[in-house]
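Me: Hi! I'm new to this one and would love a quick tour. Could you walk me through it?
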Amino acid sequence: MDRFEWTIGVTGLNATDNPGPGISVIRSLRAHPGFNGKIIGLAYHYLDPGLYASDLIDSAYLIPLPSEGVQSLRQRLEYIKTVTDLSMLIPTLDSEMSGFISLEPELREIGIRMFLPTQQQYDIRSKIRLAEICEKTGFDYPQTRIVSDIESLFQVSAEISFPYMLKGIFYGASLVKTMDEASMAFHRTVAQWGLPVIIQEFLIGEEYDVLAVGDGKGEIVGGLSMKKTSLTDKGKGWAGVVVNNPKFLTMAETFCQVTKWRGPFEMEILKTKDERYFLIEINPRFPAWTYLCVGADQNLPVAVAQLAMGVKPQSLPESKAGTMFVRISLEQVVKIDRLEEIISKGEIHYR
Amino acid sequence: MDMALLNRLKDIAISDSGFIFDPYSGATFNTNETGRFILQLLKEGNGIDAIQSEIRNHFKTSEEDLRSDIYEFINLLKEAQLLPKNFKF
């Protein structure tokens, strides 16, 4: 069995009702029987719940928001490297991915490895280039328009009939049924995620998600597909089950062959009643439901850690269809001095 | 029954209590003992005559309704997308 003692930094500790993927990734790493390393949590806000998961992280640090620029992030990571033996990072949030990609060469120089897509790969899967990637891969896709001002929203609303989906550039999706709803959703989304917004035809069908890891050479090292069986009011999966429809992994393989994708990605696919498969979007990171892969015999965070460290991942068996997840909310009880530690020092140490 | 369909049927999981999981779509269903019995026979590649005969041997049933009851169950399987719409014995 592979054993590893790496110190791994993971972002996305915002395990809220719209959870970041960090905790799920950390639990997957810890679930590997050969894991003998340390986990460093990296968070943007002192109340990110994952900061207080003392059974999952060894220590944690606040890092600067992506809006503060990559140089302040680099400085912070350099500091963390000096006080920990940080050997690798797994960024998990869309909004930070571009910054980490641009820092990859500098971080490698100081001994922090990552396994991320190139900037070109990252860009091509952007929501605003969905049509382009679908043309290249031969996937079906919903009618999509990019809107940068309210006037264009009115024009597009005449082209794509209601209801349609209005999405933020990084996160957030609203189903809008009228022009009034569209206008409100536009302003709300712009205020939160900036411009542009994406208008997408609303298709009726069953939504599936595929998580896979590309090796950067055109192959996938593993993957699994999942059907959400319960959603929150924000449309986030609260329960799901692993399925075994070969079409989904074939789509992931095609995407990797075409882009030579490097790292984890999540494809959102809608299957219509007439058996057409529409690519809805591709997220350039692990999803919040990543821990399901452990139960399905596909520990993909470990595979990414191995790839980052130049270790060939062992071949993974077929994912176990029927493996389910059902999320749960828990209260973490925290002593006030922990809060003081993170607010005053920007770091917290459990072990 | 063609091989693709047979393989697809073989993948469908049925528990002793009649709980069905379709690994292709992730959908779940419940069926009664007779439904479980018919689905199991379909998974083994049996045709309508064999299914009819097996049911006759295992359950008390009226002969006149038997064939139409099997077809009705087949239609339910089609609606649940466990069998293709164009499925015929």
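Reply: Happy to! One term before we start: a residue counts as buried when its relative accessible area is under 20%, and as exposed when that is over 50%. Also, keep in mind that this is a predicted model.

Me: Thanks! So is T189(A) buried or exposed?
Reply: T189(A) has a relative accessible area of 7%, and because the limit for buried is under 20%, T189(A) is buried.

Me: Which helix is T189(A) found in?
Reply: T189(A) belongs to helix α7 of chain A, which covers residues 179–193.

Me: And what does T189(A) touch?
Reply: Leaving out residues up to four places away in sequence, T189(A) touches L166(A), K167(A), G168(A), G194(A) and V197(A).

Me: Let's switch to the largest nonpolar core. Which residues touch the most other members?
Reply: Those are I8(A), I26(A), L29(A), L51(A) and L224(A), in a core of 44 residues. Helix α10 (residues 300–308) of chain A gives the most to this core, namely seven residues. Domain 1 (7–116 + 330–349) and domain 2 (121–127 + 204–326) of chain A each supply at least three residues.

Me: What is I8(A) in contact with?
Reply: Not counting neighbours within four places in sequence, the contacts of I8(A) include L29(A), F35(A), L86(A), M88(A) and A305(A). Another core, of 23 residues, lies apart from the largest one, and Y208(A), M251(A) and Y24(B) are among its members.

Me: Chain B, then. How many residues does the contact take from each chain?
Reply: Seven residues come from chain B and 15 residues from chain A. Together the two chains bury about 730 Å², 50% of it on carbon and sulfur atoms.

Me: How many salt bridges are there across that interface?
Reply: Zero across the interface of chain B and chain A, though two residue pairs are in polar contact there. Over all chains, the structure holds 22 salt bridges.

Me: Which residue does D58(A) form a salt bridge with?
Reply: With R351(A), and the closest N and O atoms are 2.7 Å apart. The two are 293 residues apart: D58(A) sits in the loop between β2 and β3 of chain A, and R351(A) in the segment after β15. D58(A) is buried at 6% relative accessibility, whereas R351(A) is exposed at 55%.

Me: Any other pair I should look at?
Reply: Try E159(A) and R145(A), whose side chains meet in a salt bridge at 2.8 Å, N to O. E159(A) lies in helix α6 and R145(A) in strand β5 of chain A, so the pair ties together parts 14 residues apart in sequence.

Technical notes
Residues are numbered from 1 along each chain as its sequence is written. Chains are lettered from A and ligands numbered from 1 in the order in which they are written. This is a predicted model: local features need pLDDT of at least 70, side-chain atom pairs count only at pLDDT 80 or more; totals for chains, interfaces and linings use all residues. Side-chain values use heavy atoms; hydrogens and water are left out. Helices (H or I, at least four residues) and strands (E, at least two) are DSSP runs, numbered from the N terminus. Buried means under 20% relative accessible area, exposed over 50%, partly exposed in between (1.4 Å probe, protein chains only). Contact means heavy atoms within 4.5 Å. A nonpolar core is a set of buried Ala, Val, Leu, Ile, Met, Phe, Trp, Tyr and Cys residues joined through side-chain atoms within 4.5 Å. Domain bounds come from an automatic or database domain assignment. Buried area is the accessible area (1.4 Å probe) that two parts lose on being put together, summed over both. A salt bridge is a side-chain nitrogen of Lys or Arg within 4 Å of a carboxyl oxygen of Asp or Glu. A polar contact is a pair of N or O atoms within 3.5 Å; within protein, one must be able to donate a hydrogen and the other to accept it, and residues adjacent in sequence count only if both atoms are side-chain atoms.
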